[in-house]
Each structure stands twice: as structure tokens, then as C-alpha cells.
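This report describes how the helices and strands of one chain are arranged, and how far the model can be trusted along the sequence. Please read it beside the sequence and the coordinates shown here.

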Amino acid sequence: MPLHRAFAATLLTGCLALPFTSSAKAFTWWDDSREMAITQSRAELVQQVRQYQGLAQLQYVNRVVNNAARQQEEEGTDIWKGFDRLTREGYGDCEDFAIAKYQILREVGMSSDRLDFLAARDTLTPTYHAVLRYRKQDGSYLILDNLTPLILPQTQRTDLTPIVAFDQTHSLLWKGGHFVPVAPTHIKLGGTLLSERMARLMHY
């Protein structure tokens, strides 16, 4: 089951990058608030993210990752990418953006029980879509989506019909209007068992 959208988000180009580092592993993202392209290393990004707390931290990571690559439909094998490969290649599917955000948030110290992934049917397209979820103290979820800078409660994302949610250790199937536990060896995403996907979330 490929997780992708037939939608290409436009990344503004043609502007001079502002070099913050000479690292070979630097990446560039478009800072829409300052209307400039920023080039920095992953380590510098992590350092900046640590200066934020709560919702501001989620918003910053969502904005940087969304503006560091473009949404592009894959052909053939569905290859999942992490932050380094996504920003190096400059394009990826929706799940690649979600994984990249997950990796950065975990790297800055966010607890793993606060984050998981949601695979859903997008009723607007319609096709499949993947997003990162953040669990609040009250148990509700916020959605980090590569197709919008807005971080909305899942209850407001009526365009997304859940299919499965998962993190590194748990997987849940949407059935009868609620999530029920499911063995990750019984689910395939992008042609690969979910159990294999889960084990590699920090290593794509």
C-alpha cells in the first residue's frame, strides 16, 4: 500500500542561500518568515530546536522540514527516507517528511511516547497520506502534516480517515470507529511489513 499523494508542493527557489556552515552535510530550507534560504547542518538545526518548547518547538520543526524538500510521488518501489536523505535529495513522499520530523524531535530529547505515525485515507484527494502525530497531556493528538504549516488537532482533520497508527513498539488498526491493537507482522505499508518499518524509524 503506497503512501503518497499526487500533489507537488512548491518550494520557492532562485534565492541565494545564506551559508551558516561549510559542512558537507548541510541542507537548505526556505525561511518564509524572513523570505530567505538558510543553509545549515543537522546539528545546528537540533541546537536551534532545543531553544523552543511545546507547540513552538513542533511548529518550528514542521516548518523547517516542510520547506527543506518538496512533495513528489515515487514511481515503483516505495522507499522510505529519513531526515538526511530527504534533505539531501530535496524531495520525498509524505511519510518521508513525517519520519524526518520524528527523527529531529527525538534527537532533541522528545519522549518516544509523545510521537507516532498515522496512515490515513485522504478524503479530499482521495488517496493515502501519512502524518506525524504528537500526543498531548490529555491524550488528544496534534497533526504535523507536510502539506500545511498549520498544526491542528486530529479532531479537526476530518479529511483524514485513519487506517493504522504506529510508533517503534506499538501498532493500532482503525476498526469500527476506534483503534485496536494489531500485530505489525500482519500489516504492510508500501509493500513492506510494518514490523520492519517500525524497527528502522530512527535509521532511515
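The crossing of α2 and α4 is right-handed, and the two helices, α2 spanning residues 54-66 and α4 spanning residues 94-107, pack at an angle of about 135° with their axes 10 Å apart. Because angles between 115 and 145 degrees fall outside the parallel, antiparallel and perpendicular classes, α2 and α4 are therefore described as oblique to each other. On the α2 side the contact involves Gln 57, Leu 58, Val 61, Asn 62, Val 65 and Asn 66, which meet Phe 97, Ala 100, Lys 101, Ile 104 and Leu 105 of α4. By residue class, the contact of α2 with α4 comprises seven nonpolar, three polar and one charged.

The model is predicted, and its confidence should be kept in mind throughout. The protein chain averages a pLDDT of 87, with 88% of the residues scoring at least 70. Over residues 1-24, however, the pLDDT is below 50, although this stretch has 65 contacts in the model beyond near neighbours in sequence. Where pLDDT is low, the predicted coordinates should not be read in detail.

**Helix packing**

Helix α1, residues 42-49, also takes part in the helix packing, and the geometry of its pairings with α2 and α4 is set beside that of α2 with α4 below.

| Helix pair | Angle between axes | Axis separation |
|---|---|---|
| α1 and α2 | about 155° | 10 Å apart |
| α1 and α4 | roughly 65° | within 9 Å |
| α2 and α4 | about 135° | 10 Å apart |

With an angle of about 155°, α1 and α2 are therefore roughly antiparallel to each other. Their contact is made by Leu 45, Gln 48 and Val 49 of α1 together with Gln 57, Tyr 60, Val 61 and Val 64 of α2, and these residues divide into five nonpolar, two polar and no charged. The crossing of α1 and α4, in turn, is right-handed; here Arg 42, Leu 45, Val 46 and Val 49 of α1 meet Gln 103, Ile 104 and Glu 107 of α4, a set made up of four nonpolar, one polar and two charged residues.

**The sheet and its neighbour**

Seven strands form an open sheet in the order β9-β8-β7-β6-β10-β11-β12, and their pairing is antiparallel. Its edge strands are β9 (152-153) and β12 (178-181), each of which pairs on one side only.

Within this sheet, strand β7 (residues 127-135) runs antiparallel to strand β8 (residues 141-144), and four bridges join them. Leu 132 has Leu 144 in β8 as its bridge partner, while Arg 135 is partnered by Tyr 141, also in β8. The two strands β7 and β8 form a hairpin with five residues between them, and in the turn Gly 139 has a positive phi of about 90°. On to the edge, β8 is joined to β9 by two bridges, again with the strands running antiparallel, and Ile 143 stands opposite Leu 152 in β9.

Which strands does α4 lie across? Helix α4 lies across β6 (115-122), β7 and β8, and runs at about 15° to β7. The helix that meets α2 through residues including Phe 97 and Ala 100, and meets α1 through Gln 103, Ile 104 and Glu 107, is thus also the one placed over these strands of the sheet.

Conventions: Residues are numbered from 1 along each chain as its sequence is written. This is a predicted model: local features need pLDDT of at least 70, side-chain atom pairs count only at pLDDT 80 or more; totals for chains, interfaces and linings use all residues. Side-chain values use heavy atoms; hydrogens and water are left out. Axes are lines fitted to C-alpha atoms, for helices over the stretch in contact, and angles run from 0 to 180 degrees between N-to-C directions. Angles under 35 degrees count as roughly parallel, over 145 as roughly antiparallel, 65 to 115 as roughly perpendicular and the rest as oblique. A crossing is left-handed if the near helix is turned anticlockwise from the far one by less than a right angle, and right-handed if clockwise. Contact means heavy atoms within 4.5 Å. Ala, Val, Leu, Ile, Met, Phe, Trp, Tyr, Cys and Pro count as nonpolar, Asp, Glu, Lys and Arg as charged, and the others, Gly among them, as polar. Two strands pair if DSSP finds at least two bridges between them. pLDDT is the predictor's confidence in each residue, from 0 to 100.
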